[in-house]
Amino acid sequence: MADLQLTDDVPPDADDGVWLSCIECGETFAPFDDIRYTCDHCDGLLEVRYADLPTFEDFEGEGSGVWRYHAALPFDVGVTLPEGNTPLHEVPRIENAAGVDSLRVKHEGMNPTGSFKDRGMTVGVRVAKEVGVDRLACASTGNTSAALAAYGARAGLETLVLLPAGKVAAGKIAQAALHRARILEVDGNFDQCLDIVQDLAQLGEAYLLNSLNPFRLEGQKTIGLEIMEEHYEDYGEYPDRIVLPVGNAGNTAALYKCFRELVKSGAITEDQVPKLTGVQAEGAAPMVEAIEEGNDEVRRWDDVETIATAIRIGNPVNAPKALPGIRATGGTAVAVSDDEITEAQREIAGEGVGVEPASAASVAGLHKLREEGVVGADESVVCLTTGHLLKDPDAAAAAGNDPEPVANSTDAVLDHIGASSSVGQSLRQKASTAATSPLALLAGGVGLAYLYRKLRSTE
Ligand code: F0G
């Protein structure tokens with residue numbers, strides 16, 4: 001089992017208080033001397049470590065977005081568009097339906113390229129510049145490729161993206177294409193694309209910017225910092241639980257790192273850490289399987305399928321960081337059906353918040369866990385929605401209302417919609433109140449009275 005304990009020892013390889021540490025064997029490395037994604041000795045996952053960890057006071061007066069938190073990051077500024085500072089929406093109808101004390105939706109779809117991946121790329125592409133590479137690459141179910149293409153373009157670097165052919169939503173491919181990435185459509189799934197990109201990286205043909213790259217997760221941990229700060233500001237306490245969709249488990253790993261660092265710095269106590277709760281689609285649920293069966297390792301699923309193509313992943317590479325996170329925080333993982341995902345997507349859209357299917361998995365998972373009694377009625381919950389509705393226009397159109405053809409005339413439209421709206425009535429009511437109230441008349445009722453007369457004259 002991985003050792004994710006943060007220690008006080010600063011190794012000699014540290015550069016300005018920053019180093020890389022293997023979570024399996026504890027070996028440490030200088031952060032930017034060489035390019036490596038995993039441990040040279042045991043191939044374990046690497047984590048970025050710091051000699052000094054900030055508390056919330058250190059972020060005060062530092063602006064907004066990812067770089068507000070530079071005291072928790074390896075650089076003061078990155079290749080920025082800028083990213084972060086996403087809304088923490090109130091969703092009263094879903095809160096009520098779920099039956100929890102409070103529910104907020106952290107909408108990561110409001111980042112520059114429409115997903116949380118931008119937070120990782122602003123740091124990751126900065127590192128690429130630091131180590132001096134000329135070609136960036138990733139495997140992707142779509143969002144990573146859109147973000148890498150945009151940040152690569154921003155940095156003036158060549159970008160290569162490997163996508164599973166026929167399984168990436170239209171908006172994401174369009175982004176990668178326009179931001180000048182070379183798009184390689186592979187006849188295989190995401191996990192196989194990632195195998196190839198790892199080979200390319202090993203051969204020195206590209207700098208890998210999947211979440212296997214530990215610097216990506218540094219940027220993504222700022223989701224946790226924003227949630228903690230804003231929730232505390234609004235409620236005077238931190239959330240009990242964060243529910244998020246899981247694919248490669250990068251975000252789960254990043255949030256757990258965020259909380260470990262906050263505990264280590266003394267910013268929060270152990271019992272203030274939110275329960276990390278992962279949600280996967282039933283057709284791609286290896287993490288859920290590992291949690292349910294109590295396994296320390298995740299079994300790779302070779303055949304995966306779900307409408308939520310962003311999380312159509314059978315081999316979550318960050319599982320060694322994420323599984324301990326789910327367990328240590330007292331969280332869990334749950335699988336939801338494609339129908340439940342679509343229903344949740346509609347429900348979130350009904351609050352005015354547009355998200356792609358994978359994002360809606362978080363809310364679907366919350367409903368399920370609430371029904372099962374795993375989530376309590378007294379809990380304050382934050383659901384993470386990871387990508388914007390426009391990422392997958394086909395899924396949105398299929399889940400939403402069908403367009404209704406109608407003839408080109410007002411009468412035909414009136415006939416079609418059925419003249420039942422109370423808009424006209426409320427206008428008349430307002431106008432008549434205005435016409436009879438001297439105060440309102442003085443304060444602009446003249447206009448409304450005019451409107452009233454006009455409405456009358458058309459009756
Ligand atoms: N939600 C969305 C919208 C995503 O695009 C992804 C991952 C996830 C959730 C899962 O996040 O991997 O950190 O557990 N998308 C990657 C991609 C794999 O290529 O865009 P995770």
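User: Which of the 21 residues around the ligand come nearest, and what makes a residue count as near?

Analyst: The nearest are S140, T141, G247, N248 and T386. A residue counts as near a molecule or strand if one of its heavy atoms lies within 4 Å of it. A quick word on the basis: this is a predicted model, where local features need pLDDT of at least 70 and side-chain atom pairs count only at pLDDT 80 or more, while totals for chains, interfaces and linings use all residues. Residues are numbered from 1 along each chain as its sequence is written, and side-chain values use heavy atoms, with hydrogens and water left out.

User: What makes the link between S140 and the ligand a polar contact?

Analyst: A polar contact is a pair of N or O atoms within 3.5 Å (within protein, one must be able to donate a hydrogen and the other to accept it, and residues adjacent in sequence count only if both atoms are side-chain atoms). A polar side-chain atom of S140 lies 2.7 Å from a ligand oxygen, so that pair passes the cut-off. Backbone N or O atoms join in too: one of T141 lies 2.8 Å from an oxygen atom of the ligand, and one of T144 lies 2.8 Å from a ligand oxygen.

User: How much of the ligand does the protein cover?

Analyst: It covers 99% of the 480 Å² of accessible area that the ligand has on its own, by the Shrake-Rupley method with a 1.4 Å probe.

User: Which elements give two or more residues to the shell around the ligand?

Analyst: Those are α3 (143-155) and α8 (250-265). Helices (H or I, at least four residues) and strands (E, at least two) are DSSP runs, numbered from the N terminus.

User: Why do β1 and β3 count as paired?

Analyst: Two strands pair if DSSP finds at least two bridges between them. Strand β1 (residues 18-22) and β3 have 5 bridges, so they qualify, in the antiparallel sense. Within that pairing, C22 stands opposite L46 in β3.

User: What makes β2 and β3 edge strands?

Analyst: The open sheet runs β2-β1-β3, with antiparallel pairing. Both β2 (28-29) and β3 (46-50) pair on one side only.

User: What makes N85 and A249 unusual picks for a positive phi?

Analyst: Neither is a glycine: N85 has a phi of about 55°, and A249 has one near 70°. N85 is in the loop between β3 and β4, whereas A249 is in the loop between β10 (241-245) and α8.

User: Where is the cis peptide bond?

Analyst: It joins L81 and P82, with omega about -10°. P82 lies in the loop between β3 and β4 (88-90).
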